[in-house]
Amino acid sequence: MAQGAKRTIGQVAAVVGLAVAVTAFLSVAAVRHGFFDLKVYYGALHFWVHDGGEIYDFLKPGTQYGFTYPPFAALVMLPMALLPWPAAIAVSVTASVVTSAVLIWWLLAPVARRCGWTGWFALAVALCLAAAFEPMRETVNFGQVNMLLLFLVAVDLLWLLPAANRWAGVGIGLATAIKLTPGIFLVYLLVTGRWRAALTAAGTAAGATLVAAALFPDASREFWTSALWNTGRVGELAFVSNQSLQGVVARLNPEHPSTVAWLALVLATLAVWAWRSRAAASAGDEATGLALTGALMCLVSPVTWVHHLVWLLPGLILLVDNGTAAPARSRRRRVLLAAAIIGYALLCSRIVWAWEKDFTGVDGFLGSNTYVWISLALLLFLPVRRPAGQLSSSPAYLSSTSPSGGAPPASGTG
């Protein structure tokens with residue numbers, strides 16, 4: 001048998017074995033949420049379109065949860081009102097899987113080339129590992145839109161911005177109009193001096209919002225004057241699933257969380273992020289800018305449920321990228337790959353849920369906020385790369401490290 005055929009058979013066997021192992025793991029570890037959030041969207045849209053109700057007045061029966069996204073998101077999701085429930089599930093899962101696969105490949109391609117991995121094999125292994133990743137499996141099981149938003153932002157930062165494309169900023173603007181939190185990437189553009197892209201992003205978000213306001217004036221009025229400010233619709237801040245700085249503060253004193261302490265932490269985190277993001281932009285490392293800003297968004301958002309932590313996925317992949325680019329058997333290589341493995345393993349483990357009922361004490365403080373510590377570690381220590389050159393047909397990050405492994409040291413991280 002030819003060597004190539006043997007290699008292919010070995011790779012197929014490895015992927016099948018990994019898929020079986022991940023399936024077994026998910027059968028034990030994964031929580032079935034029954035597409036809870038998708039049911040909220042679906043019910044709100046049907047209540048709005050078919051029952052003549054106001055979309056922001058809808059609450060899922062027996063819960064306090066209703067539609068919390070801006071009216072433009074309702075416009076984007078409007079076709080869901082015409083679909084049967086099984087079709088809505090199929091569209092949601094397919095959209096998450098496809099956008100995840102594309103985004104993962106964009107970030108993984110340099111690693112696969114450097115290590116000599118077959119493209120299909122590298123992607124298949126990565127998708128199996130992604131299926132075990134708690135934020136990813138929660139996103140799919142809830143029927144959330146996180147990966148779609150991350151994909152839109154990544155199109156801007158990995159493709160359009162490095163190419164100085166006139167449309168750079170459109171993806172960020174659309175993501176912001178769908179859900180407000182990706183607006184932090186507009187701030188990233190401003191902090192790093194990309195004024196035209198920032199203007200495009202702001203204009204796109206404003207234009208999309210105005211279109212929704214023109215089509216749905218009542219819904220828009222209710223969202224911007226009432227629903228947006230009703231924090232009771234999003235859940236309890238001290239709940240262990242809230243892996244943000246606000247969640248950390250709230251778990252210290254659930255009855256009276258300190259707003260001053262939270263604001264101080266947010267300001268300090270913003271300062272670190274601005275410094276590191278400017279270093280990444282100066283180096284032409286937009287992929288790291290994406291990862292740093294994703295980690296920031298998870299930290300400073302008042303509510304960051306576990307499924308929102310898919311924004312940490314680029315940072316974990318970039319740790320692997322930087323690790324494989326470091327010289328073989330070097331301390332840098334070992335540290336970066338170990339950090340990627342430990343961070344990934346913890347984010348698969350559901351470890352924070354061990355303190356769901358009682359997060360008091362030192363162990364509660366450290367354990368219930370595990371995912372927050374991972375976000376902070378990525379923000380502080382993710383290496384910034386300095387590309388030797390850029391390929392006109394590829395995003396800047398694809399040529400940011402050489403196959404020989406001669407990656408430069410990180411900026412400001414030692």
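1. Let me start with H307, since this is a predicted model and this histidine is a good place to look into it. H307 is buried, because its relative accessible area is 4%, under the 20% that sets the limit for that label. The residue sits in a loop, the one that runs between α14 (286–300) and α15 (313–325). Which residues does H307 touch, leaving aside those up to four places away in sequence? They are D37, P135, E138, T139, F142, Q144 and N146. If you want a long-range reference point, take F216: 91 residues separate it from H307 along the chain, and the two C-alpha atoms are 29 Å apart.

2. Next, the helix at the start of the numbering. Helix α1 covers residues 3–29, which is 27 residues, and its first and last C-alpha atoms are 38 Å apart. That is close to the 39 Å expected at 1.5 Å a residue. Its buried residues are Q11, V15, V22, L26 and A29. In general, an α-helix has 3.6 residues a turn, so residues three or four places apart point the same way. As for what lies over the buried residues of α1, the cover includes α5 (119–132) and α6 (134–142).

3. α5 comes up again in its pairing with α4. Helix α4 (residues 85–115) and α5 have axes that come within 10 Å and cross at roughly 125°. With that angle, α4 counts as oblique to α5. The handedness of this crossing is right-handed. On the α4 side the contacts come from A101, I104, W105, L108 and A112, and they meet G119, A122, L123, A126, L127 and A130 of α5.

4. For another helix pair, have a look at α9 and α10. The axes of α9 (residues 184–191) and α10 (residues 195–215) come within 8 Å, with a crossing angle of roughly 155°. So α9 is roughly antiparallel to α10, as the angle is over 145 degrees. Left-handed or right-handed? The crossing of α9 past α10 is left-handed. Here L186, L189 and L190 from α9 meet W195, A197, A198, A201 and A202 from α10.

5. Now the aromatics. How many aromatic pairs are there? The count comes to 18. Take F223 and W224: their ring centres are 4.8 Å apart and their planes stand at 85°, so this pair is edge-to-face. The two partners sit in unlike surroundings: F223 is buried at 1% relative accessible area, whereas W224 is partly exposed at 34%. Both belong to a cluster linked by ring pairs, together with Y41, Y56, F67 and Y69.

6. Finally, two backbone spots I'd flag for a look. F35 has a phi near 55°, a positive value in a residue other than glycine. Its place is the loop between α1 and α2 (36–49), and F35 counts as buried because its relative accessibility is 19%. R329 also has a positive phi, near 65°, and is likewise a residue other than glycine. R329 is found in the loop between α15 and α16 (331–346). Buried or exposed? At 73% relative accessibility, R329 counts as exposed.

Technical notes:
Residues are numbered from 1 along each chain as its sequence is written. This is a predicted model: local features need pLDDT of at least 70, side-chain atom pairs count only at pLDDT 80 or more; totals for chains, interfaces and linings use all residues. Side-chain values use heavy atoms; hydrogens and water are left out. Helices (H or I, at least four residues) and strands (E, at least two) are DSSP runs, numbered from the N terminus. Buried means under 20% relative accessible area, exposed over 50%, partly exposed in between (1.4 Å probe, protein chains only). Contact means heavy atoms within 4.5 Å. Rings of Phe, Tyr and Trp (its six-membered ring) pair if their centres lie within 6.5 Å; planes under 30 degrees apart count as stacked, over 60 as edge-to-face and the rest as tilted. The expected span of a helix is 1.5 Å times one less than its number of residues. Axes are lines fitted to C-alpha atoms, for helices over the stretch in contact, and angles run from 0 to 180 degrees between N-to-C directions. Angles under 35 degrees count as roughly parallel, over 145 as roughly antiparallel, 65 to 115 as roughly perpendicular and the rest as oblique. A crossing is left-handed if the near helix is turned anticlockwise from the far one by less than a right angle, and right-handed if clockwise.
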